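Trainee: I'm new to this one. Could you take me on a close look at a single part, the strands of chain A that pair up, and then show me how it fits with the rest?

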Amino acid sequence: MLAQDDLLSMLDEEQSKDPVYTMATFKASRLINGQTIETISKNHLNFWISHRFGAVNSGFIANFFGLDEAKIRLGLEYGFTDRWLVGAGRSSLEKTYDLYTKYKVLRQSNKIPITVTALAGWGINTMPSGYVMESGSTMKFNNNIERYSYWSQLLIARKFTEKLSLQVMPTFIHVNKVEDPSIPNQLYALGGGGRYKLSQRFTLSAEYYHTFRELEDDEDDDDGGGNAAFPYPYRDAVSFGVDIETGGHVFQFHLTNARGMVEKQFIGQNVGSWGKGDVFYGFNIARTFSLDKSARNTHK
Amino acid sequence: MKTKLIFLSLALMLITGLVSAQSLYRTSVGELSFFSETPVLDIEAVNQKTGAILNVGTKELAIQAKITDFQFPNKLMQEHFNENYMESERFPTAKFAGKIKEQVDLTKAGTYSVTAEGNLTIHGVTKPVQVKGTIVATATALQVNFSFQVRTADYQIEVPTLVFDKIAETITVSGKLNLVKQ
């Protein structure tokens, strides 16, 4: 028996030279509203269906506790390589189209402690000029450029144990046109989130984005946003969720005070307040398809 | 650096002293695949980095495969295989250590039907197994082919009911190892 074990240890010595990459830090490429460090594999396609129902406090008769209405985002993501994806989506909230790309710069392994993914996105609001925003202000657009917004994020995560993964997300958002001079066009935010796996397919998750309005450099304004005439209408987004994984699908159910599903909305223009009970139920469903025909053929 | 080299050569001498290098056949790019067949879904995965060593003197055989090296056409399935079924962070390898039962002289060219008897470890569970296969021997290489069945339940691999990846209770594992004389 001893000699056989020697043979095994010779094999083990050779095989343990390769780095072992951490996989599945998160179940999906989205945590709740925001993104995770996860990208999708080469030639794989992700289809996202997301709903945010009405506020829980909107009444039983009037709105069936919010279930009478929903904001919807449909999205697609495609993996050009195992580390680079491009995604697009359309939200019914402010009829916004979004386009983004994500690249995994650093992968956690037995040599590197964290995974780092960079994200850049662009959105266009296609509401008619002069519509009333969620915050109650009227928004007028003079040209299409004013409808654009941009965001970028660094997503930094570590899978601490099989069950626990944590992520921080420094974020920068630029909105070309805001409704009031007291609201900054540029916004810095820091997100934090994580997941805890209760079982192989059941996961708890949480996500929080804190905005730093005082860091903006809007020349029209020196009081950190908001004044007596126009109180700052937006709040930080806090979300809690569960992920259920069933093979090709991931179901994410959550409670959040953010109704938007695009970074500009859920980080920068979030009107819901947990204190007042304007909390929204929501879900995301992700379905992954493999378009990798060549891999399939070589294995058959 | 020099002391390192000396240590390395000492260690090498020790190993070669234990198992005569003359009689070792080895590969690090062996192919190990498995196949799960259900009416709903066929799943196949291939590992092309399987390591194996056969000592023709003692007829001892060791095979080791890293779980993360199994490639699936669908990468999501690959992730589930590692995360949910094989728990590859806890149990990174599958391995076999055993001996060929038959009295065959593998140093002579020819085709031999053989049975390897030993311990198979998958998902951290070790079980005694017997695997039948063939070895085609040439002057410098041994082509080892085998195929056997594994019951997932024997190795405590849980397949819950709430999944769309339908996985067979019994999985066929086959190997093609081209061992080269050292």
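Mentor: Sure, let's start with one facing pair: Gly89(A) sits opposite Asp98(A) in β4(A). This is a predicted model, where local features need pLDDT of at least 70 and side-chain atom pairs count only at pLDDT 80 or more, while totals for chains, interfaces and linings use all residues. Residues are numbered from 1 along each chain as its sequence is written, and chains are lettered from A and ligands numbered from 1 in the order in which they are written.

Strand β3 (residues 84-91) of chain A and strand β4 (residues 96-106) of chain A run antiparallel, joined by 8 bridges. Strands here are DSSP runs of E, at least two residues long, and helices are H or I runs of at least four, numbered from the N terminus; two strands pair if DSSP finds at least two bridges between them. β3(A) and β4(A) make a hairpin with 4 residues between them, and Glu94(A) in that turn has a positive phi of about 55°. On we go to β5 (residues 115-125) of chain A, which runs antiparallel to β4(A) with 10 bridges. There, Tyr103(A) faces Ala118(A) in β5(A).

Now for the partner chain. Chain B has 2 helices and 9 strands, and 34 of its residues are in contact with 28 residues of chain A (C-beta atoms, placed from the backbone, within 7 Å). On the side of chain B that touches chain A, α2(B) gives the most, with 7 residues.

Key: Contact = placed C-beta atoms within 7 Å.
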